[in-house]
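Visitor: I like a model best when somebody picks one spot and works outwards. Which single part would you zoom in on here, and what surrounds it?

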Amino acid sequence: MDVRLPLDDLGAGLGEAATVLRANAMAAGLDAPVPTCPGWSVSRLVAHVGMAHRWAASHVNGSPADDPEVMERAALSEPDLLGWFDEGATALLQAIVDAPDDLTAFVFLKNAPPAKVFWTRRQCHETTIHAVDALAARLGRPPRRSETWIRPPLALDGIDELLAGFVPRRSQGIHPPEETVVLVRPDDSPIAWLLAMGPDHPVDVTVVDGASPAAYGPVDRTLTGHPVDLYLQLWNRSADLDPWWHDLVTITWK
């Protein structure tokens with residue numbers, strides 16, 4: 001059972017999200033607020049994602065950038081910020097194309113795939129979620145699923161990266177006050193995820209058969225719905241946020 005996308009689909013998703021982000025950033029205006037990132041302007045959003053693209057490309061190229069935060073701050077003084085963003089996205093995609101399939105590079109998530117796939121996947125979802133932010137800036141509110149370009153296969157891959165890669169990291173500090181078992185079960189998915197979390201241990205994630213709810217055992221919370229809706233909700237980019245999840249799970253970008 002697997003919902004992970006192949007490398008070519010991840011690369012296509014990255015390119016599509018970069019295009020969507022740029023178009024919505026231009027339409028919203030660089031000074032517009034970003035409702036899904038309180039306190040951010042579109043210019044900061046573009047600078048952040050452009051930095052992430054360059055930071056990722058530096059690892060793929062074998063010359064890791066020293067200080068990505070300095071890079072992000074410097075981007076805000078770029079006279080053509082959107083042009084700078086385009087250059088970074090293009091360079092990242094080219095770096096991925098040029099990288100060997102057996103690339104050896106730093107990765108930072110649990111259960112990470114091989115480095116070339118890891119960096120393509122990570123930047124695909126980094127860019128997709130922030131393209132949702134740019135869309136929110138244009139709309140003035142979090143978008144509905146029907147207003148996005150995101151398709152279920154990409155959403156399922158992103159849910160898997162979030163739950164199997166980010167959530168179990170000790171650095172995330174996800175600690176509810178009592179032992180809690182959460183089932184995340186997207187509609188029509190071949191798999192689901194069981195998250196066992198507690199006050200004094202990292203989250204333990206188990207992938208289970210999405211078609212056999214009787215086999216899950218007792219759960220305390222169930223998160224279910226259309227894959228794209230769940231993708232947006234789990235990344236806290238939906239108008240229909242689960243308050244419990246939103247308060248407990250804040251994902252750091254690296």
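Guide: Let's pick Asn-111, which sits in the loop between α4 (81-98) and α5 (helices here are DSSP runs of H or I with at least four residues, strands are runs of E with at least two, and both are numbered from the N terminus). A quick caveat first: this is a predicted model, so local features need pLDDT of at least 70 and side-chain atom pairs count only at pLDDT 80 or more, while totals for chains, interfaces and linings use all residues. Residues are numbered from 1 along each chain as its sequence is written, and side-chain values use heavy atoms, leaving out hydrogens and water.

Back to our asparagine. What is unusual to look for in the backbone of Asn-111? Its phi is near 50°, a positive value in a residue other than glycine. With a relative accessible area of 59%, Asn-111 counts as exposed (that label means over 50%, buried means under 20%, and partly exposed falls in between, using a 1.4 Å probe and protein chains only).

Now look at the space beside it. The second largest pocket holds about 250 Å³. A pocket is an open set of points on a 1 Å grid over the protein atoms alone, with protein on both sides within 12 Å along at least five of seven lines, and lining residues have an atom within 4 Å of a point. The volume is the space filled by probe spheres set on those points, which are joined across faces, edges and corners. Asn-111 is one of the five residues closest to the centre of this pocket, together with Arg-4, Asp-160, Ala-164 and Val-207, out of 19 that line it. Two or more lining residues come from each of α5, α6 (152-166) and β3 (201-209), and α6 gives the most, with four. By class, that lining has 11 nonpolar, two polar and six charged residues (nonpolar covers Ala, Val, Leu, Ile, Met, Phe, Trp, Tyr, Cys and Pro, charged covers Asp, Glu, Lys and Arg, and the others, Gly among them, are polar).

So far, the loop that carries Asn-111 has led us to α5, and α5 is worth following. Helix α5 is where you'll find Arg-121. Is this arginine buried or exposed? Arg-121 is buried, with a relative accessible area of 6%, whereas Asn-111 is exposed at 59%. If you'd like a reference point for Arg-121, take Pro-64: the two are 57 residues apart in sequence, with 18 Å between their C-alpha atoms.

Stay with α5 and you also reach the other pocket on our route. The largest pocket contains about 650 Å³ of space. There are 28 residues in its lining, and Thr-36, Cys-37, Arg-237, Thr-250 and Ile-251 are the closest to its centre. Here the elements contributing two or more residues are α2 (42-61), α3 (68-75) and α5 (115-139). The largest share, four residues, comes from α5. That lining splits into 14 nonpolar, eight polar and six charged residues. So α5 turns up among the contributors to the largest pocket and among those to the second largest pocket.

There's another asparagine to set beside the one we started from. Asn-236 also has a positive phi in a residue other than glycine, in this case near 60°. Its home is the loop between α7 (227-234) and α8 (243-248). Unlike exposed Asn-111, Asn-236 is buried, with a relative accessible area of 18%.

For an enclosed space, keep in mind that a cavity is a set of grid points where a 1.4 Å probe fits but cannot get out. How many cavities of 30 Å³ or more does a search of the whole structure find? Just one, and the largest cavity has about 40 Å³ of space. Its lining consists of Val-167, Pro-168, Arg-169, Arg-170, Gly-173, Ile-174, His-175, Pro-202 and Val-203. Sort those by class and you get five nonpolar, two polar and two charged residues.

One last stop is Thr-222, in strand β4 (residues 221-225). At 45% relative accessibility, this threonine is partly exposed. Its C-alpha lies 4.7 Å from that of Leu-183, although the two are 39 residues apart in sequence.
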